[in-house]
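User: I should like a close look at a single part of this model, set in the context of the rest of the chain. Please give one connected account rather than a list of separate remarks.

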Amino acid sequence: MNSIDNLEMKALAKEILKEENYERFMKSYSFTFWFQTIGILAGFIFPSIIFLILFKDTIYLAFSAAIGIFWMIPWLIISQCIPQTRIYRQFAKWYRKKDTSIKDLEKIFS
């Protein structure tokens, strides 16, 4: 469901934004996507691989999942503070609100 919303949001952005603002939006979207993907890899995949290599038993994957959960909390907080994600986050908030106008977009891209 989230990927469908993202596709619809990107299509709307392409329709209503000026070319330069659309490029800024897509850079912010891309940065946010890759930043969060790296967080998932660092928090879940790498610990799982390390535990499998070191202990050679799948029971330790529960520990790697716990590490991933505790890793994602600060990682997501950090992702909200990085300036490169600001445009995407604010546009997504604007997109989800029903009582907004196009004029509100000027605040996001100024």
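Is Lys 56 buried or exposed, and what is its relative accessible area?

Analyst: Lys 56 is exposed, because its relative accessible area is 70%, which lies over the 50% cut-off for that class. The model is a predicted one, and every statement below is to be read in that light. The residue belongs to the loop that joins helix 2 to helix 3, the latter covering residues 61-81. The backbone at Lys 56 also deserves attention: phi is near 50°, a positive value although the residue is not glycine. As a general rule, most residues other than glycine have a negative phi.

To place this loop, the overall architecture comes next. The chain contains five helices and zero strands, so that from the N terminus on the order of elements reads α-α-α-α-α. The C-alpha trace spans about 55 × 25 × 25 Å along its principal axes. The radius of gyration is 18 Å, whereas a compact globule of 110 residues would have a value near 13 Å. Of the 110 residues, 29% are buried. Among contacts between residues at least 6 apart in sequence, 58% join partners at least 24 apart.

The loop of Lys 56 follows helix 2, and helix 2 itself runs over residues 19-55. Two packings of this helix can be described. In one of them, helix 1 (residues 2-16) and helix 2 meet at an angle of about 160°, their axes being 9 Å apart. That angle is over 145 degrees, which is why the two helices count as roughly antiparallel. Their crossing is left-handed. Helix 1 contributes Asn 6, Met 9, Lys 10, Ala 13 and Lys 14 to the contact, and helix 2 contributes Tyr 22, Phe 25, Met 26 and Tyr 29. By class, the residues of this contact comprise six nonpolar, one polar and two charged.

In the other packing, helix 2 meets helix 4 (residues 86-96) at an angle of about 100°, with 7 Å between the axes. An angle of about 100° falls in the range of 65 to 115 degrees, and the pair is therefore roughly perpendicular. On the side of helix 2 the contact involves Arg 24, Phe 25, Ser 28, Tyr 29 and Thr 32, and on the side of helix 4 it involves Arg 86, Ile 87, Tyr 88 and Phe 91. Here the division is five nonpolar, two polar and two charged. Phe 25 and Tyr 29 of helix 2 appear in the contact with helix 1 and also in the contact with helix 4.

Ser 28 and Thr 32, both named in the contact with helix 4, can be examined individually. Ser 28, in helix 2, has a relative accessible area of 3% and is buried. Leaving out residues up to four places away in sequence, Ser 28 touches Gln 84, Thr 85, Arg 86, Ile 87 and Tyr 88. Its C-alpha atom lies 20 Å from that of Lys 103, a residue 75 positions away in sequence. Thr 32, likewise in helix 2, is buried with a relative accessible area of 6%. Apart from neighbours within four places in sequence, Thr 32 is in contact with Thr 85 and Tyr 88.

Further along helix 2 comes Thr 37. With a relative accessibility of 22%, Thr 37 counts as partly exposed, because buried status requires a value under 20%. Thr 37 and Leu 17 are 20 residues apart along the chain, and their C-alpha atoms are separated by 26 Å.

On the other side of the loop, helix 3 holds Gly 68. Gly 68 has 0% relative accessibility and is thus classed as buried, while Lys 56 in the loop is exposed at 70%. Setting aside residues up to four places away in sequence, Gly 68 touches Gly 43 and Phe 44. Gly 68 also lies 8.3 Å from Ile 45, C-alpha to C-alpha, with the two positions 23 residues apart in sequence numbering.

To return to the part in question, Lys 56 sits in the loop between helix 2 and helix 3, with a positive phi near 50° and a relative accessible area of 70%, which makes it exposed.

How values were computed: Residues numbered from 1 in each chain as written. Predicted model: local features only at pLDDT ≥ 70, side-chain atom pairs only at ≥ 80, totals over all residues. Heavy atoms only, no water. Axes fitted to C-alpha atoms, helices over the stretch in contact; angles between N-to-C directions. Helix = DSSP H or I, 4+ residues; strand = E, 2+ residues; numbered from the N terminus. Parallel < 35°, antiparallel > 145°, perpendicular 65-115°, else oblique. Left-handed = near helix turned anticlockwise from the far one by under 90°. Contact = heavy atoms within 4.5 Å. Nonpolar A, V, L, I, M, F, W, Y, C, P; charged D, E, K, R; others polar. Buried < 20%, exposed > 50% of the residue type's maximum accessible area, 1.4 Å probe, protein only. Rg over C-alpha atoms; globule rule 2.2 N^0.38 Å.
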